[in-house]
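Trainee: I'm new to this one. Could you take a single part and walk me through it slowly?

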Amino acid sequence: VILLAFKITEDCIECGACIPVCPNEAITEGSPYVIDPEKCTECVPVYDTQQCASVCAVDAPQPDPDHVETREQLEAKYKRLHP
């Protein structure tokens with residue numbers, strides 16, 4: 001299964017709802033907000049859905065086709081971020 005890290009589109013209204021729900025602290029303020037692809041694991045293996053997308057009122061977090069990874073790669077990244 002191929003998965004994609006997420007990015008935040010220009011639709012972002014900069015409300016801040018996504019920042020506290022990210023288990024990897026991958027989201028930073030900006031215009032629009034920014035998701036660091038080196039930290040984004042699509043919430044694998046912690047959640048079944050992307051938390052940033054689930055709280056966003058305008059659907060700004062979207063899959064980023066420039067950052068394709070397998071579930072195994074995302075799990076390994078999560079383990080590196082949370083030893």
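Mentor: Let's look at one helix, then at a loop residue that touches it, and end with the core.

A heads-up: this is a predicted model, where local features need pLDDT of at least 70 and side-chain atom pairs count only at pLDDT 80 or more, while totals for chains, interfaces and linings use all residues. Residues are numbered from 1 along each chain as its sequence is written, and side-chain values use heavy atoms, with hydrogens and water left out.

Our helix is α2, residues 71-81 (helices are DSSP runs of H or I with at least four residues, strands are E runs of at least two, both numbered from the N terminus). Leu-74, Lys-77 and Tyr-78 are its buried residues (buried is under 20% relative accessible area, exposed over 50%, with a 1.4 Å probe and protein chains only). They sit on the same side of α2 because they cover an arc of only 100° around the axis, taken from the directions from the helix axis to the C-beta atoms. On the face turned away from that side you'll find Glu-72, Lys-79 and Arg-80, which are exposed. The cover over the buried residues includes β1 (2-8) and β4 (61-70).

Now pick out Thr-41, in the loop between β3 (34-35) and α1 (51-55). Thr-41 is buried, at a relative accessible area of 1%. Beyond its neighbours within four places in sequence, Thr-41 is in contact with Leu-74, Lys-77 and Tyr-78, among others (contact means heavy atoms within 4.5 Å).

Last, the largest nonpolar core has 14 residues (buried Ala, Val, Leu, Ile, Met, Phe, Trp, Tyr and Cys joined through side-chain atoms within 4.5 Å). β1 gives the most to this core, with three residues.
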